[in-house]
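Thanks, everyone, for making time this morning. I would like to walk through the helix packing in this model, and then turn to its pocket.

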Amino acid sequence: MLSPASIPQRPYTECPDVAVLQKEIEAHLVSYNEMSSKPMDLVCFLYMLEHLARVARVIKSPGGNALLVGLGGSGRQSCTRLACYMADFAVFQIEIAKGYDMSAFREDMKKMLTKAGGSEERTIFLFSDTQIKDEGFVEDVNNLLNTGEIPNLFPAEERVAVCEMVRKAAVDEGKAPVACSVATSGRRDRQVEDFLYS
């Protein structure tokens, strides 16, 4: 959190002085607000900095995921967005509208997983309890967390296209399939897990 945002593979650094950390976080917040269409007006106090550090640690962990519990308006999403910005991750969040149903949710999941696995874009899936319109949403998120995929999400023709997206990475790992096979699907699942943090 103390390294500039543009440095790749920023090291995890101990911060012995909270005042220095607060200034750095405030500088990141100013930078975030300059580039964001939805600026955040946050107050950086000790508890918020501790929470932000925890979220940042989870984000930097391979396959990290977190359940943030608290009262509405306590800043969970804002801290997560700021931590994502500081770690150079994209935030993906569904937008609930009238008529949003399971098929719309599944389409959003396809977009997110294609972005995370196929485009190798480090992505955070931010999902709030107020967005649960259907019990199936939670079941799909549970499957994603447990297995790295959502069963029957992609039809056969789309599955082949997704496998092609990860073929180069599979070749690089020495798992070059002749056709789209279980080996490529497994690579795709690992690649999604590598680039998707829930």
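Let me begin with H4 and H6, which are roughly parallel to each other, because the angle between them is about 25° and angles under 35 degrees count as roughly parallel. Please keep in mind throughout that this is a predicted model. The axes of H4 and helix H6, the latter spanning residues 156-172, lie 9 Å apart. On the H4 side the contact is made by Lys110, Thr114, Gly117 and Gly118, while H6 brings in Glu158, Val162, Met165 and Val166. Sorted by class, this contact of H4 with H6 has 3 nonpolar, 3 polar and 2 charged residues.

One residue there that I would like to follow a little further is Thr114, which has its place in helix H4. If we set aside the neighbours within four places in sequence, Thr114 is in contact with Ser119, Phe154, Val162 and Met165, and two of those names, Val162 and Met165, are also among the H6 residues I have just listed. In addition, Thr114 and Ala161 are separated by 47 residues in sequence, and their C-alpha atoms are 9.9 Å apart in space.

H4, which covers residues 102-118, also packs with H5, and here the axes come within 10 Å and cross at roughly 25°. That angle makes H4 roughly parallel to H5, and the crossing is right-handed. The residues that meet are Met102, Phe105, Arg106, Met112 and Leu113 in H4, and Gly136, Phe137, Asp140, Val141 and Leu144 in H5. By class, the contact of H4 with H5 comprises 7 nonpolar, 1 polar and 2 charged residues.

What, then, is the arrangement of H2 and H3? Helix H2, residues 46-60, and helix H3, residues 76-86, have axes that come within 9 Å and cross at roughly 55°, and the two helices are therefore oblique to each other. H2 passes H3 in a right-handed crossing. From H2, the contact involves Met48, His51, Leu52, Val55, Ala56 and Ile59, and from H3 it involves Arg76, Cys79, Thr80, Leu82, Ala83, Cys84 and Met86. Those residues divide into 10 nonpolar, 2 polar and 1 charged.

Finally, I come to the largest pocket, whose volume is about 680 Å³. Its lining consists of 25 residues, and those that lie nearest the centre are Ala66, Leu67, Leu68, Phe127 and Ser128. Which elements give two or more residues to that lining? They are H2, H3, strand E2 at 123-125 and helix H5 at 135-147, so that the pocket brings us back to helices we have already met in the packing, namely H2 and H3 with their oblique arrangement and H5 with its right-handed crossing of H4. In terms of class, the lining of the largest pocket divides into 16 nonpolar, 7 polar and 2 charged residues.

I will stop there, and I am happy to take questions.

Terms used
Residues are numbered from 1 along each chain as its sequence is written. This is a predicted model: local features need pLDDT of at least 70, side-chain atom pairs count only at pLDDT 80 or more; totals for chains, interfaces and linings use all residues. Side-chain values use heavy atoms; hydrogens and water are left out. Axes are lines fitted to C-alpha atoms, for helices over the stretch in contact, and angles run from 0 to 180 degrees between N-to-C directions. Helices (H or I, at least four residues) and strands (E, at least two) are DSSP runs, numbered from the N terminus. Angles under 35 degrees count as roughly parallel, over 145 as roughly antiparallel, 65 to 115 as roughly perpendicular and the rest as oblique. A crossing is left-handed if the near helix is turned anticlockwise from the far one by less than a right angle, and right-handed if clockwise. Contact means heavy atoms within 4.5 Å. Ala, Val, Leu, Ile, Met, Phe, Trp, Tyr, Cys and Pro count as nonpolar, Asp, Glu, Lys and Arg as charged, and the others, Gly among them, as polar. On a 1 Å grid over the protein atoms alone, a cavity is a set of points where a 1.4 Å probe fits but cannot get out, and a pocket is an open set with protein on both sides within 12 Å along at least five of seven lines; lining residues have an atom within 4 Å of a point. Grid points are joined across faces, edges and corners, and a volume is the space filled by probe spheres set on the points.
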